[in-house]
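Visitor: I would love a close look at one part of this protein, the surroundings of the bound ligand. Could you walk me through that part and then through what is built around it?

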Amino acid sequence: MTHRLFIANRGEVAVRIQRACRDLGIPVVQAHSQADRDAPYVHTADQAICIGPARARDSYLDVAGLVYAALATGATLVHPGYGFLSENADFAAQVVAHGLVFVGPPASAIAAMGNKVRARQEMIAAGVPCIPGSPGPLPPDPAAVAQIADAIGYPVIVKAAGGGGGRGMRVVADPAALADAVALTREEARTAFGNPELYMERFLTTPRHVEIQILCDAHGNAVHLGARDCSMQRRHQKVIEEAPAPGVPAALIDRVAESCLTACRRMGYVGAGTFEFLYEDGGLYFIEMNTRLQVEHPVTEMITGIDIVAAQIRIAMGQPLGLSQADVRFDGAAVECRINAEHPDTLLPAPGRITGWQAPQGPGLRVETHVGAGYTISPHYDSLIAKLIAHGPDRATAIARMQAALDDMAIDGPGTNLPLHRRLMRDAAFRQGGTGIAYLETLLATEGRA
Ligand code: ADP
């Protein structure tokens with residue numbers, strides 16, 4: 001069968017998917033909104049189709065419109081990228097119902113992992129370590145909820161089963177505040193996610209964010225590609241990611257990754273996926289699974305030499321992984337900086353026209369971007385304009401290469417977070433490795449700009 005791949009996404013990930021398709025010899029159809037009509041990657045695609053106005057709800061989030069466009073252009077495969085509809089089970093189901101192949105897991109797996117109570121239960125059943133918490137959804141009776149919290153131990157965090165993007169969560173420090181916190185979070189969950197179901201976990205106070213990348217094919221083969229550390233975050237958005245996770249024992253990663261693969265087999269998972277954990281006091285504790293490509297996948301590609309996007313597409317076409325766990329080798333260390341168009345001081349989005357663009361070059365460097373001089377950053381979409389990835393034989397070399405690359409990079413026009421990245425690469429705690437998820441916000445708060 002001759003394939004043709006429809007990219008239901010935009011920006012740097014669209015460029016990334018186009019590259020993988022070129023390697024595989026698969027023609028691409030690029031979907032684009034009216035606002036993205038002039039983007040360079042729209043013109044490098046074999047075919048482009050406008051899917052609606054700038055507003056994402058009317059274009060990149062329009063399930064029926066995207067499926068129709070994919071069918072109209074003769075596509076056979078649909079890649080959702082990340083964000084937008086990538087974790088929308090209905091989209092995956094509609095794609096398949098119309099005879100197309102979704103580059104991602106079955107809709108059933110997306111739905112299962114999209115409900116965090118169900119995801120937790122699946123993980124416990126597969127032996128994946130979870131944070132001590134409620135066994136299922138919180139009951140309506142406040143006295144029963146109080147008993148569950150007492151058993152877990154304070155502080156606890158109340159979370160929406162349907163939550164995402166760091167929303168629908170509330171930390172509760174003591175029993176007196178519990179009932180109100182549960183009632184408020186339930187109301188928020190009902191309005192924001194259309195699902196009032198809640199659960200509860202112990203709140204970890206000094207964790208790191210560590211995640212495990214997996215790949216599963218449709219023939220029962222599954223491997224893990226090791227761990228990434230994504231602890232450098234602001235407002236639950238990752239700013240810097242790296243692989244491997246510094247100081248986390250490889251034996252622990254291997255053991256926990258094995259349980260992740262068990263979970264994948266149990267739910268018939270096919271494709272690439274990421275298990276996210278909090279790491280504290282030497283233990284990894286599951287928080288959620290992302291059933292899609294991650295923004296930070298390149299750091300794993302750099303240390304394994306495995307093209308995760310090409311693997312996703314090959315898996316979707318029914319090909320076997322062609323890899324066993326013993327074939328997955330880890331080489332050196334890689335760091336990724338997310339370059340955002342945002343005001344360097346306030347860190348608020350700063351759309352506008354890029355008047356000058358100088359990308360760095362050098363050994364071990366990779367620049368993933370959809371922009372260049374003359375590109376106008378739209379206020380309609382997120383502020384990520386480039387990812388800079390540096391690889392080296394060890395972490396210190398990767399950081400040194402990143403530092404030089406950031407110094408060589410110049411973007412004129414809108415503000416960017418380049419100054420923040422330059423500073424973090426020189427930060428003593430970051431250089432030592434192992435800073436927690438609160439580190440960056442604490443650092444910024446001391447300067448009054450959290
Ligand atoms: P989302 O899908 O909204 O990203 P997560 O469950 O992944 O929700 O949690 C988002 C973030 O909230 C985590 O990265 C972490 O910073 C914080 N968090 C979630 N659960 C806990 C917990 N039990 N203890 C401490 N922090 C937590």
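Guide: The residues of the shell around the ligand divide into 8 nonpolar, 4 polar and 7 charged. Please keep in mind that you are looking at a predicted model. Of the 19 residues around the ligand, the ones that come nearest are Lys116, Lys159, Gly166, Arg202 and Leu204.

Let us take some of these in turn. Lys116 has a polar side-chain atom 2.7 Å from an oxygen atom of the ligand. With Gly166 it is the backbone that takes part: one of its polar backbone atoms is 2.4 Å from a ligand oxygen atom. Arg202 also uses its backbone, with an N or O atom that lies 2.9 Å from a nitrogen atom of the ligand. On its own, the ligand has 550 Å² of accessible area, and the protein covers 92% of this. Four elements give two or more residues to the shell: S6, S8, strand S12 (271-280) and strand S13 (283-290).

Now look for S6 and S8. They belong to an open sheet of 3 strands with the order S7-S6-S8 and antiparallel pairing. Strand S7 (169-172) and strand S8 (198-202) are its edge strands, each pairing on one side only. From one strand to the next, the twist averages 25°. Strand S6 covers residues 156-160, and its antiparallel pairing with S8 runs over 5 bridges. To find one of the partners, start at Val158 and look across to Met200 in S8.

Two helices pack on this sheet. Helix H6 (residues 116-126) touches S6 and S8, and its direction makes about 50° with that of S8. Helix H8 (residues 178-193) touches S6, S7 and S8, and its direction makes about 175° with that of S7.

Just before S6 there is a detail to look for. Pro155 is in the loop between helix H7 (142-152) and S6, and a cis peptide bond joins it to Tyr154, with omega about -5°. Why point this out? Because most peptide bonds are trans.

Next, follow S12 and S13, the other two elements from the shell. They are part of an open sheet of 8 strands, with the order S13-S12-S9-S10-S11-S14-S19-S17 and antiparallel pairing. Here the edge strands are S13 and strand S17 (365-369), and each pairs on one side only. Neighbouring strands of this sheet are turned by 25° against each other on average, direction ignored. The loop between S12 and S13 holds Asp281, which is not a glycine and yet has a positive phi of about 50°. Most residues other than glycine have a negative phi.

Moving along the sheet order, you reach S11 and strand S14 (residues 333-340), an antiparallel pair with 4 bridges. Across this pair, Ile240 stands opposite Cys337 in S14. Helix H12 (residues 395-408) packs on the sheet and touches S11, S14, S17 and S19, with its direction at about 140° to that of S19. Helix H1 (residues 11-24) lies across S17 and strand S19 (384-392), running at about 115° to S17.

One more cis bond can be found in the model: the one from Ala243 to Pro244, with omega near -5°. Pro244 lies in the loop between strand S11 (237-243) and helix H9 (250-266).

How values were computed
Residues numbered from 1 in each chain as written. Predicted model: local features only at pLDDT ≥ 70, side-chain atom pairs only at ≥ 80, totals over all residues. Heavy atoms only, no water. Pairing = 2+ DSSP bridges. Axes fitted to C-alpha atoms, helices over the stretch in contact; angles between N-to-C directions. Contact = heavy atoms within 4.5 Å. Near = heavy atom within 4 Å. Polar contact = N/O pair within 3.5 Å; in protein donor to acceptor, adjacent residues only side chain to side chain. Areas by Shrake-Rupley, 256 points an atom, 1.4 Å probe, with all protein chains shown as cover. Nonpolar A, V, L, I, M, F, W, Y, C, P; charged D, E, K, R; others polar.
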